[in-house]
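Grab a pencil and get ready to work through a few exercises on one protein chain. Try each task yourself before you read the solution under it.

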Amino acid sequence: MPYGEIFVEIDEEQELKKAAAQARKAHGYAYQNQPLSVRAKKLHDMYAALDKIKHDMTLADEPFVQICDGVKTVEVRLLDEKRQKIKVGDIICFTRKDSTESLYAEVIALYRYQSFVELFSSPHFAKTGFVGLTPSEAANKMYEYYDKASEQNYGVLGIEIKVVSMGE
């Protein structure tokens, strides 16, 4: 049984083989300890995500690890010009600050609010990774990155994500 039949429709088998061959060429045999079908599926998913990337963002260590661990599923940003372009279904490449580590996440929902306190007072607060903080304390953490004038000017955005692939 060809490995592509396990994970994809028969008509996609050639695409899967091509993606796997490209990945082997580019990354060597990084997945050589796994069965071919598992490697091919991971490589296919990675290349499919790469084809759809529309946004790049940098994360500090703690939120990067929280996303990797599944603790944080909502990224919080200003709703500035760059973030206004984000749509549900887009792919975001998050890169860990001062590192080459990255992950790819699909946008599954967008939550718009007037302020950080308003977002952190919503049911989405539990998904933001601000464990053990009040909404006001979490907002104060955001003011380490953004000023209040920008918050009032743009509003804020909660970006709910689902990790689709881990980069290197």
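The exercises below go through this predicted model step by step.

**Exercise 1: The layout**

Work out how many helices and strands the chain has, and in what order the elements run.

*Solution.*
Step 1. Count the elements: the secondary structure comes to eight helices and five strands.
Step 2. Now read from the N terminus on, and you get α-α-α-β-α-β-α-β-β-α-α-α-β.
Step 3. For the overall picture of burial, note that 42% of the 168 residues count as buried.

**Exercise 2: Which strands pair up?**

Find the partners of strand β5 and say in which sense they pair.

*Solution.*
Step 1. Start with β2, residues 74-78: this strand pairs with β5, residues 156-166, in the antiparallel sense, over five bridges.
Step 2. Pick out a facing pair, and you'll see Leu 78 opposite Val 156 in β5.
Step 3. Move on to β4, residues 102-113, which is joined to β5 by ten bridges and also runs antiparallel to β5.
Step 4. Here Leu 110 has Ile 159 of β5 as its bridge partner.

**Exercise 3: A hairpin with an odd turn**

Describe how β3 and β4 are connected, and find the residue in the turn that has a positive phi.

*Solution.*
Step 1. Check the pairing: β3 and β4 are antiparallel, with five bridges between them. One facing pair is Ile 92 and Ala 105, the latter in β4.
Step 2. Look at the connection: the two strands form a hairpin, with five residues between them.
Step 3. Search the turn for an unusual backbone angle. Most residues other than glycine have a negative phi. Asp 98 isn't a glycine, yet its phi is positive, at about 60 degrees.
Step 4. Compare the surroundings. Asp 98 sits in the loop between β3 (91-96) and β4, and its relative accessible area of 77% makes it exposed. Strand β3, on the other hand, is mostly covered, since five of its six residues are buried.

**Exercise 4: Rings that meet**

Classify the ring pairs that Phe 116 makes with Tyr 143 and Tyr 146.

*Solution.*
Step 1. Know what to look for: a pair of aromatic rings is described by the distance of the centres and the angle of the planes. The structure holds five such aromatic pairs.
Step 2. Take Phe 116 and Tyr 143. Their centres are 5.8 Å apart and their planes meet at 75 degrees; an angle over 60 counts as edge-to-face, so that's what this pair is.
Step 3. Place the two residues: Phe 116 belongs to helix α6 (residues 116-120), while Tyr 143 is in the loop between α7 (135-142) and α8 (148-154), which puts them 27 residues apart.
Step 4. Take Phe 116 and Tyr 146. With 6.0 Å between the centres and 20 degrees between the planes, this pair is stacked. Tyr 146 is in the loop between α7 and α8, so its pair with Phe 116 ties together parts that are 30 residues apart in sequence.
Step 5. Ask which of these residues are buried, using the cut-off of under 20%. Phe 116, at 0% relative accessibility, is buried. Tyr 146 is buried too, at 16%. Tyr 143, at 24%, counts as partly exposed.
Step 6. Zoom out: ring pairs link Phe 116, Phe 120, Phe 125, Phe 130, Tyr 143 and Tyr 146 into a cluster.

**Exercise 5: The largest pocket**

Describe the volume and the lining of the largest pocket.

*Solution.*
Step 1. Start with the volume, which is about 540 Å³.
Step 2. List the residues closest to the centre: of the 22 that line the pocket, these are Ala 60, Pro 63, Phe 130, Met 142 and Tyr 145.
Step 3. Trace where the lining comes from. β1 (53-59), α4 (61-69), β2 and α7 each give at least two residues, and α4 has the largest share, with four.
Step 4. Sort by character: ten lining residues are nonpolar, four are polar and eight are charged.

**Exercise 6: Cysteines**

How many disulfides does the structure hold?

*Solution.*
Step 1. Recall that a disulfide is a covalent bond between the sulfur atoms of two cysteines.
Step 2. Search the whole structure, and the count is zero.
Step 3. See how covered two of the cysteines are: Cys 68 is partly exposed, at 32% relative accessibility, whereas Cys 93 is buried, at 8%.

How values were computed:
Residues are numbered from 1 along each chain as its sequence is written. This is a predicted model: local features need pLDDT of at least 70, side-chain atom pairs count only at pLDDT 80 or more; totals for chains, interfaces and linings use all residues. Side-chain values use heavy atoms; hydrogens and water are left out. Two strands pair if DSSP finds at least two bridges between them. Rings of Phe, Tyr and Trp (its six-membered ring) pair if their centres lie within 6.5 Å; planes under 30 degrees apart count as stacked, over 60 as edge-to-face and the rest as tilted. Buried means under 20% relative accessible area, exposed over 50%, partly exposed in between (1.4 Å probe, protein chains only). On a 1 Å grid over the protein atoms alone, a cavity is a set of points where a 1.4 Å probe fits but cannot get out, and a pocket is an open set with protein on both sides within 12 Å along at least five of seven lines; lining residues have an atom within 4 Å of a point. Grid points are joined across faces, edges and corners, and a volume is the space filled by probe spheres set on the points. Ala, Val, Leu, Ile, Met, Phe, Trp, Tyr, Cys and Pro count as nonpolar, Asp, Glu, Lys and Arg as charged, and the others, Gly among them, as polar. A disulfide is a pair of cysteine sulfur atoms within 2.5 Å.
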